[in-house]
Amino acid sequence: MNNDKIEAGLIDSNLHLIKDFNLYIIFVIILYGAYLSFFPQLLASRFQANSVVIGMTMSFMSLTTAFCSSQLGRVSNKISLQNLLYLSSLFYFLSLLVLASVSSWTILIFGVLLFGMAHGFFIPNIQTALVGFAPLSER
């Protein structure tokens, strides 16, 4: 009987791990597909930006990601891991919506900062969730 409970717990744990991993894959596709591939083309076509301006604008996302990741300890004391993942998903959606319809530099920077916040809250949380599924002896 105990073995059945243990096996059921392992199956539930593995299914949850697969869902989290699939979520991670989706957001990697968003990062590399929408942001790193499409965003420079958007800047060049809508704003006639050169490569230096494109690089500097894209660096705002990285700086925001670093800042949000560094504050994650404080934020996670107030918001659960699952709610942070939902919040980052909402930030991703809103940022891509803003970036798709951007018409001014101010709105563009807002969308980039929102994308950085989403990334800063998502990546460390999904890594923590994935590590939580590994047995202590395997870490």
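Which residues of the largest nonpolar core touch the most other members? Select Y35, F39, L43, L108 and F115: of the 28 residues in that core, these five have the most contacts with fellow members. Keep in mind throughout that the model is predicted.

Next, colour the helices that build the core. Two or more residues each come from α1 (2-47), α2 (51-70), α4 (81-100) and α5 (105-132). The largest share belongs to α5, which supplies 9 residues.

Now centre on Y35 and show what surrounds it. Setting aside neighbours within four places in sequence, Y35 is in contact with I30, P40, T57, M58, M61, V112 and F115. F115 is also among the core residues that touch the most other members.

Move to W105, a residue of helix α5. Is W105 buried or exposed? It falls in between: W105 is partly exposed, because its relative accessible area is 36%, and the buried class requires under 20%. Beyond the neighbours within four places in sequence, the contacts of W105 are L43, F47, A49, V53 and T57. T57 is likewise one of the contacts of Y35. To check the distance to L43, pick the two C-alpha atoms: W105 and L43 are 62 residues apart along the chain, and these atoms are separated by 9.7 Å.

Finally, display α4 and α5 together. Their axes come within 8 Å and cross at roughly 150°. Angles over 145 degrees count as roughly antiparallel, so α4 and α5 are roughly antiparallel to each other. The crossing is left-handed. Colour the contact of α4 with α5 by residue class to find 21 nonpolar, 5 polar and no charged residues.

How values were computed. Residues are numbered from 1 along each chain as its sequence is written. This is a predicted model: local features need pLDDT of at least 70, side-chain atom pairs count only at pLDDT 80 or more; totals for chains, interfaces and linings use all residues. Side-chain values use heavy atoms; hydrogens and water are left out. A nonpolar core is a set of buried Ala, Val, Leu, Ile, Met, Phe, Trp, Tyr and Cys residues joined through side-chain atoms within 4.5 Å. Buried means under 20% relative accessible area, exposed over 50%, partly exposed in between (1.4 Å probe, protein chains only). Helices (H or I, at least four residues) and strands (E, at least two) are DSSP runs, numbered from the N terminus. Contact means heavy atoms within 4.5 Å. Axes are lines fitted to C-alpha atoms, for helices over the stretch in contact, and angles run from 0 to 180 degrees between N-to-C directions. Angles under 35 degrees count as roughly parallel, over 145 as roughly antiparallel, 65 to 115 as roughly perpendicular and the rest as oblique. A crossing is left-handed if the near helix is turned anticlockwise from the far one by less than a right angle, and right-handed if clockwise. Ala, Val, Leu, Ile, Met, Phe, Trp, Tyr, Cys and Pro count as nonpolar, Asp, Glu, Lys and Arg as charged, and the others, Gly among them, as polar.
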